[in-house]
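Please open the structure in your viewer and keep the selection panel at hand. The tour below proposes a series of selections and says what there is to find at each.

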Amino acid sequence: MSTLTPAAHRKATTGPTAQATGTLRRGKSRMDPTRNNTAAGLGAWLLALLFAAPVMWMILTSFHSETDAATNPPSIAANLTLDAYREFFGETSGVSPWPSLINSATASILSTVLVLVLAIPAAYALSIRPVKKWTDVMFFFLSTKMMPVVAAILPLYLFARTVGALDNIWFLILMYTSMNLPIAVWMMRSFLAEVPVEMLEAAQIDGAGLLLTLRKVVAPVAMPGIAATALICFIFSWNELLLARVLTGVVAGTAPVFLTGFVSGQGLFLAKVCAAAVVISLPVLFAGFAAQDKLVQGLSLGAVK
């Protein structure tokens with residue numbers, strides 16, 4: 001049983017030892033966040049290096065000869081050469097990649113424009129002017145992405161052959177538009193939901209119609225979201241292979257289809273494939289860097305209330 005008086009107990013709990021213990025605990029609590037941040041930073045750098053390593057290895061391999069690229073284990077210090085890039089651009093093979101690159105750019109850009117033209121009014125109707133049972137409509141858009149492309153490729157091929165649309169860039173643009181439209185509507189709905197209703201009411205009072213409201217009021221406010229949606233649709237269209245491989249040929253072949261042409265059952269092709277992958281990846285990288293500020297704003301739009 002304690003014999004300390006209340007005054008002595010208060011003195012013991014507030015003495016130099018207790019003060020030193022409290023100071024040490026507060027010091028440790030202040031140091032823990034720093035250590036946690038450092039560990040999180042190192043982990044992020046390691047994860048980034050882990051994801052960047054294959055890309056850097058692909059770039060390095062593209063500057064090697066086919067013999068050096070096929071060695072096992074790979075030779076990092078092998079001589080560098082541009083033979084793979086000369087092969088890609090047709091200096092030795094005589095096959096130019098420019099028609100395929102132009103086809104990819106045409107299909108990706110035009111399909112992205114069509115997707116935005118259709119997705120923005122649809123998202124406006126589902127967010128700012130919601131219709132009845134709009135959740136069912138959104139689920140319908142999402143359900144169209146649940147069926148794998150492989151399951152629909154045969155009907156699409158038969159339809160394209162019947163109407164004479166095989167190896168036609170406009171039919172490929174239509175396919176890319178239908179492929180990206182559901183995800184664009186989903187993204188644009190979340191972005192347009194952040195547009196202040198007061199601005200729309202003010203435009204309505206001033207007599208602005210739907211098209212004028214979309215062009216002068218909604219579009220400037222939601223421009224980061226529109227840029228993010230456009231970039232994602234462009235990337236999906238540029239990287240698409242299966243539809244282009246089955247539905248196109250010599251005339252409307254895209255860049256990914258041209259890349260697969262370097263894969264052969266005979267001979268060495270690793271350096272040429274890496275060089276083709278590097279060149280074909282550049283437009284997407286340039287588009288990402290050009291729109292990175294809008295992309296960050298758009299992807300973070302609506303994240304903080």
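The stops that follow go from the surface to aromatic pairs and then to helices. Please keep in mind throughout that this is a predicted model.

**Stop one: a surface patch**

Select I109, L110, V113, V117, L118 and W170, which together make a nonpolar surface patch of about 580 Å². If you then colour helix α5, residues 98-127, you will see that this helix supplies the largest share of the patch, namely five residues. One residue to pick out here is V113, which lies in helix α5 and which counts as partly exposed because its relative accessibility is 46%.

**Stop two: aromatic rings**

Turn next to the aromatic side chains, of which the structure holds eight pairs. Start with F88 and F89, whose rings form an edge-to-face pair, with 5.0 Å from centre to centre and 80° between the planes. Is F88 buried or exposed? With a relative accessibility of 1%, F88 counts as buried, whereas F89, at a relative accessible area of 33%, is partly exposed.

Keep F88 selected and add F262, since a second pair is found there: these two rings are tilted, with 6.1 Å between the centres and 35° between the planes. This pair links distant parts of the chain, as F88 belongs to helix α4 (residues 83-88) while F262 sits in the loop between α13 (255-260) and α14 (270-290), 174 residues apart. Both F88 and F262 are buried. To see the wider setting, extend the selection to F88, F89, W98, F258 and F262, which form one aromatic cluster.

**Stop three: a buried threonine**

Now select T177, a residue of helix α8, which runs over residues 169-192. T177 counts as buried because its relative accessibility is 6%, and buried means under 20%. Leaving aside residues up to four places away in sequence, you can display its contacts with S111, L114, V115 and L118. The last of these, L118, is also one of the residues that make the nonpolar patch of the first stop.

**Stop four: helix α10**

Finish by selecting residues 210-221, which make up helix α10. How far apart are its end C-alpha atoms? They are 15 Å apart, which agrees with the 16 Å that its 12 residues should span at 1.5 Å a residue. Show the side chains of T213, L214, V217, V218 and A219, the buried residues of α10, and then bring in the surrounding helices, for these buried residues pack against α5, α8, α9 (197-205) and α11 (223-239).

Conventions: Residues are numbered from 1 along each chain as its sequence is written. This is a predicted model: local features need pLDDT of at least 70, side-chain atom pairs count only at pLDDT 80 or more; totals for chains, interfaces and linings use all residues. Side-chain values use heavy atoms; hydrogens and water are left out. Patches are made of residues with over 30% relative accessible area and no salt bridge: like charges are joined within 9 Å, nonpolar side chains (Val, Leu, Ile, Met, Phe, Trp, Tyr) within 5 Å. Accessible areas come from the Shrake-Rupley method with a 1.4 Å probe; for residues, only the protein chains shown count as cover. A salt bridge is a side-chain nitrogen of Lys or Arg within 4 Å of a carboxyl oxygen of Asp or Glu. Helices (H or I, at least four residues) and strands (E, at least two) are DSSP runs, numbered from the N terminus. Buried means under 20% relative accessible area, exposed over 50%, partly exposed in between (1.4 Å probe, protein chains only). Rings of Phe, Tyr and Trp (its six-membered ring) pair if their centres lie within 6.5 Å; planes under 30 degrees apart count as stacked, over 60 as edge-to-face and the rest as tilted. Contact means heavy atoms within 4.5 Å. The expected span of a helix is 1.5 Å times one less than its number of residues.
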